[in-house]
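Welcome, and please open the model in your viewer. We will go from stop to stop, with something to select at each one.

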Amino acid sequence: MKKSILFMAVVVLQLACVAQAAKKPMKTTLKGKIEKSSRDFFILLHHGQSDTVRLGADGSFQLAIEQNDANYFTIQQAKQSLITYLLPADEVTINLKGTNFMDSPQFEGKSKTYCQFLIEKQKKDKGLWNQFPYQKWVSYTPENFMMSRDSIRNSRIQQLDAANTTSKFISSFYNIEKNSLDYQYVNDLVLYRQAVADVRKEFPKKMQDAIQAIDLNKVEMTYHDMYQQCALNLIKQEAGYEYSAGTDKSYLHYYELQVDKVCKRINTEQGRNVMFKGLMQDVLTNIGTQDISSLITKFEACCTDKKLIERVKKAAAQYEHMHPGKMAQEIICYDAEGKTIVLSSLKGKVVYIDVWATWCGPCKREIPELKKLEEEYHGKNIQFVSISTDKDVNAWKAFIAKEAMGGLQLHQSDNFDESISKLFMVNSIPRFILIDSLGRIVSSDAPRPSSGEQIRTMINGVLK
């Protein structure tokens, strides 16, 4: 941003729902300043949407929000966030310190009391969290844990009622905040079950009943952060129980069970779409190079967010060339003498590729297990290949000489377009790839050498 240009960012956010389309939306003005801001923008989160709001050179901002009803808005910048509640037709001023949003934020406007309450609530929650840290939950019996949660919920209700008596909150805000305490309470119980799962298999009926009784279909709660946390954690845990009891232990199946749970547990269109937004982000982040077409079919059957569906399909499509059965694309490498080696020259042998670097600790910890694997399969129709992604080629050469590395030691091409990093979309290492003797991909994200029987079973299956 040029320093000579001073401006106020103006963003118009369309929040009116279809049922209110006939009404002329009222305009709420949100303005203020972020002093010593770490960035020249912030993200405004609202109703499952996000907007980028640019800051002026002095950290100032102003935007117009069209809304017929009051709504929650979260100002997010880097790792900081501030939850606000804005009334329609209000002019709200918020001044923040870029170093710490929670450090004496200043509010002006009719929405001031709501924003101040949310600040005090967040501070109190932080204190309670420090008093009962997650790491110590395992020391509680279920009965004592529920007693502590009951006490905390009562304290939160008293805080809300006291503020309501003083400030006369609108009923929609009061009701949502009170309902959110139920979701917060159940979310803690769900997290407690997870925290003590290794040491306790049975839980009191009272705890189980409280978790099962929570209503995940209150439309007015859909966009509240506590509803979303509670619903997503509960769905993941229920899917986890079913996954553990079943025979299919693939990571993909775990996510398919989560999709099934969303479809069965949540009946509202808005609720499903919100849950899928978080869930599918997890899928795309963690599922790696697997073929997720079966999961997408399940997801598409009960999600009505067309933009999300298209985004997921587009993200999944970029991995199609790496699915099992596809011919491996031509990778160009060179050895320590500078000789060019192409992947297709190894056709006729099964190829197990280790993508690594000398600076990567987890990569180096796999080397002893990789050597064992090479010795075990010596003389069989398999070629072990280590492909370095080191920028310092001399460091790579020195390392493989010092460690007497076995197998075929290569460095990826300096031309990114023909490198393994691009063609196999390697964004974290170590990464292991298994290719059959015909040059077809068996797995673009194969088990590590340290996986023991898992990788040996896969290799043996291919060699047969």
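**First stop: a pair of strands**

Select strand E10 (residues 332-334) together with E11: the two pair in the antiparallel sense over three bridges. Strands pair here if DSSP finds at least two bridges between them; helices (H or I, at least four residues) and strands (E, at least two) are DSSP runs, numbered from the N terminus. Now pick Cys333, which stands opposite Ile341 in E11.

A word on the model itself: it is predicted, local features need pLDDT of at least 70, side-chain atom pairs count only at pLDDT 80 or more, and totals for chains, interfaces and linings use all residues. Residues are numbered from 1 along each chain as its sequence is written, and side-chain values use heavy atoms, leaving out hydrogens and water.

**The sheet around the pair**

Extend the selection to the open sheet of seven strands, whose order is E11-E10-E14-E13-E12-E15-E16, with mixed pairing. At the edges you will find strand E11 (340-342) and strand E16 (441-443), each pairing on one side only. On average, neighbouring strands of this sheet are turned by 35 degrees against each other, direction ignored.

Add helix H11 (residues 393-402), which packs on the sheet and touches E10, strand E12 (350-356), strand E13 (382-388) and strand E14 (408-412). Contact means heavy atoms within 4.5 Å. The direction of H11 makes about 170 degrees with that of E14; axes are lines fitted to C-alpha atoms, for helices over the stretch in contact, and angles run from 0 to 180 degrees between N-to-C directions.

**Two helices side by side**

How do helix H7 and helix H9 lie to each other? Select H7 (residues 269-286) and H9 (residues 306-317): their axes come within 11 Å and cross at roughly 10 degrees. The two are therefore roughly parallel to each other, a term for angles under 35 degrees. On H7, show Asn273, Phe276, Lys277, Met280 and Leu284; on H9, show Leu308, Arg311, Val312 and Ala315, and you have the residues that make the contact.

**Into the cores**

Which residues touch the most other members of the largest nonpolar core? Among its 62 residues, they are Met275, Phe276 and Phe299. A nonpolar core is a set of buried Ala, Val, Leu, Ile, Met, Phe, Trp, Tyr and Cys residues joined through side-chain atoms within 4.5 Å. Buried means under 20% relative accessible area, exposed over 50%, and partly exposed in between (1.4 Å probe, protein chains only). Helix H3 (residues 171-195) gives this core its largest share, nine residues. Another core, of 31 residues, lies apart from it, and includes Tyr334, Trp356, Leu410 and Ile433.

Centre on Met275 next: leaving aside residues up to four places away in sequence, Met275 touches Tyr227, Gln228, Ala231, Leu232, Ile235, Val262 and Ile266.

**Backbone details in the loops**

Go to the loop between helix H12 (420-423) and strand E15 (431-435), where Pro430 lies. The peptide bond from Ile429 to Pro430 is cis, with omega near 5 degrees. Met425 is found in the loop between H12 and E15 too; its phi is positive, about 45 degrees, although it is not a glycine.

Last, select Ala78, in the loop between strand E6 (71-77) and strand E7 (80-86). Phi of Ala78 is near 55 degrees, a positive value in a residue other than glycine. Ala78 is partly exposed, with a relative accessible area of 47%.

**Zoom out**

Show the whole chain: its secondary structure comes to 13 helices and 16 strands. Along the principal axes, the C-alpha trace spans about 80 × 65 × 45 Å.

Terms used
Angles under 35 degrees count as roughly parallel, over 145 as roughly antiparallel, 65 to 115 as roughly perpendicular and the rest as oblique.
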